[in-house]
Amino acid sequence: GNMTSYYDATASHNLALAGANVALAKTYADTTWSGPATQSFNTLTLRGAFTARVYNLGTSGKMIRSVSEYPASAGGSLHDTVEVYFNARRRNSFSMFAWMTNFEGNVFWITEDTVWGRVHSNGNLHVNGRPVFMEKATTSKGFDPKPGTGVNRAVFKQGYETGVAEIEFPNDLSEIVNASTTGGRRYTTDVWVTLSPGSPASGDGMAYVRTSSSGPIVDSINLGDPSFKGVILGNGRVNVQGTLDGKLTISSLTDVFIQNDIVYEQNPLDGSCDDLLGLVADRNVIVADNAANNTNCRIDGCVFTRTGSFIAENYGTRPVSGTLNLAGSIVQDERGAVGTFSGATLRSGFSKRYRFDTRLSDPTFRPPYYPGYYTKTFAVSGWWESYRITSSD
C-alpha cells in the first residue's frame, strides 16, 4: 500500500512539473501567451492530466501555475501544484559590465589584454592573439574569428556565449536630466568641475564649478547635502578632475573631458571604499591631450557614452602617454581607441590597464541615476512546488 501511494504521489507531482515546463517553453516562444496548456493521458503506463496557465502579477512580474490531476489507486484524485515566478522587465545597471559596446569597430583584443568582470558586445568581438577574459564574455553576434581558430587564442576563464539578446541603449539621458533640475545641478555653458575630498569631520567632499579652466568658482556643491540628488549636468562640454569623496554622477549632453586624474578618496579595490562616480556623456568621454595626462592617467569610476566612444584625444598623434589606469566599468556605443601600437610597442597614446570594480556586480549599486536597461527575456525569480492534495471524485 505504501509503495502504491508513493508511486501515485510521484506520478501526480511529475505531471505538474511537466505542465510547468510546457508553459515555460510556450512563454519563451511567445511572451504574450497566457494559456491554458492542457494535456490528458490514458494509457497502460500513464494516466492523468495537467493544466497550466500564465497569470499577470502586474509590476512584480508573472507567474506560471501548473496543476495536475491523477486518479489514485485507492480512489479519488491527487492534485499537485507547481508555480514559477519570473520578472518580465528586470532593470539592470550598465555599470554591471566591466566592458560593453554596441559596436566594436575594427579594434581587436590582443595578447596582454586582460579584463576582470563581465564583457558584452551587441556586435562582433574581434580577437588577434591571447587576451584573457576573467568572467563570461557574451556577444549578440559572434567572435571574429571563432575562438580557437586562426589568430583567436583568447582565454575565457568563465566561458563565452554568442547569439544572446541585444542590450538596448537608452534613447536619451532623460533620467539624469530630470534629476539635475530637481535637486541636482544643471549648467547651460561649458564647465570645469574640480572634486575635492572633505575632512573627517565634514563627511563627504565638495565639487567646485568654474566656467573656465582658471576662472573663479561659480558654484560650490556639498556632496553630503541631503537635498542634493547627486547629479551634475552640463548642456555643453564638461571638464573633470580631482578626488571624489561621496557618490556623484557627472554628465554632459555633449562630451565629458578628463583633464587630470579622477580618483576616489579610498581605493575602490580594497573593499573599504564607499565612493562612487559616474561619467556619462551623450556623445564621448575623452581623456584630454595635455601635460597632466601625458604621464599616465588614472580614472576611478563608471564611464558611459550613449552615442559615442571612450577615447584619448589625438590618440594617434599625441606623445606616448604611459598607462591609462581605470578602476570601474566602461560602456560605449562604439569602441574607441586610446593609443596606437606597432606589434607590442606603444607608438602613441596609452597602454591600457582596466580593472572592474567588483562592487558594481550588484545591480542596485550604481552611481546616482546612472543609465540602466531592461532585460528582453524573462528572468526566473522563484520556483515553488506543493505537496499533493487529495480530493474525492
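The questions and answers below deal with a predicted model of a protein.

Me: How many helices and strands does the secondary structure of the protein come to?
Reply: The protein has 393 residues, and 48% of them count as buried. Its secondary structure consists of 2 helices and 34 strands.

Me: What radius of gyration does the protein have, set beside a compact globule of 393 residues?
Reply: The C-alpha trace spans about 90 × 55 × 35 Å along its principal axes. For a compact globule of 393 residues, a radius near 21 Å would be expected. The protein instead has 27 Å.

Me: Which strands are the edge strands of the open sheet with the order β8-β11-β14?
Reply: Strands in a sheet pair through backbone hydrogen bonds, in a parallel or antiparallel sense. This sheet has 3 strands with parallel pairing, in the order β8-β11-β14. An edge strand pairs on one side only, and that applies to β8 (108-110) and β14 (143-144).

Me: Which residue of β11 is the bridge partner of I110?
Reply: β8 pairs with β11 (residues 125-128) in the parallel sense, over 3 bridges. In β11, I110 has as its bridge partner N128.

Me: Why is one side of β9 and of β15 left without a neighbour in the sheet?
Reply: The open sheet here has 3 strands in the order β9-β12-β15, paired in parallel. β9 (114-115) and β15 (155-156) stand at its edges, so each has a single partner strand.

Me: Which residue of β12 does T114 stand opposite?
Reply: β9 and β12 (residues 132-133) are paired in the parallel sense over 2 bridges. Opposite T114 in β12 stands V132.

Me: Is T27 buried or exposed?
Reply: T27 is part of helix α1 (residues 2-29). A polar atom of the T27 side chain lies 2.8 Å from the backbone oxygen of A23. The relative accessibility of T27 is 1%, and buried means under 20%. T27 therefore counts as buried.

Me: How many residues apart in sequence are the parts tied together by R366 and E175?
Reply: Side chains of opposite charge can pair when their charged atoms come close. R366 and E175 form a salt bridge, with their closest N and O atoms 3.9 Å apart. R366 lies in the loop between β31 (345-356) and β32 (372-374) and E175 lies in helix α2 (residues 174-181), so the parts tied together are separated in sequence by 191 residues.

Me: Which residue of the D255 and R283 salt bridge is buried?
Reply: The side chains of D255 and R283 meet at 3.1 Å, N to O. This pair links distant parts of the chain, 28 residues apart. R283 has a relative accessible area of 41% and is partly exposed. At 11%, the buried residue is D255.

Me: What relative accessibility does D300 have?
Reply: D300 meets R298 in a salt bridge of 2.9 Å, N to O. R298 is partly exposed, with a relative accessible area of 33%. D300 counts as buried, its relative accessibility being 2%.

Me: How many salt bridges does the count come to?
Reply: The pairs R366 with E175 and R298 with D300 are among them. The count comes to 10.

Me: What share of the accessible surface belongs to carbon and sulfur atoms?
Reply: The accessible surface of the protein comes to about 18400 Å². The share belonging to carbon and sulfur atoms is 49%.

How values were computed
Residues numbered from 1 in each chain as written. Predicted model: local features only at pLDDT ≥ 70, side-chain atom pairs only at ≥ 80, totals over all residues. Heavy atoms only, no water. Pairing = 2+ DSSP bridges. Helix = DSSP H or I, 4+ residues; strand = E, 2+ residues; numbered from the N terminus. Buried < 20%, exposed > 50% of the residue type's maximum accessible area, 1.4 Å probe, protein only. Polar contact = N/O pair within 3.5 Å; in protein donor to acceptor, adjacent residues only side chain to side chain. Salt bridge = Lys/Arg side-chain N within 4 Å of Asp/Glu carboxyl O. Rg over C-alpha atoms; globule rule 2.2 N^0.38 Å. Areas by Shrake-Rupley, 256 points an atom, 1.4 Å probe, with all protein chains shown as cover.
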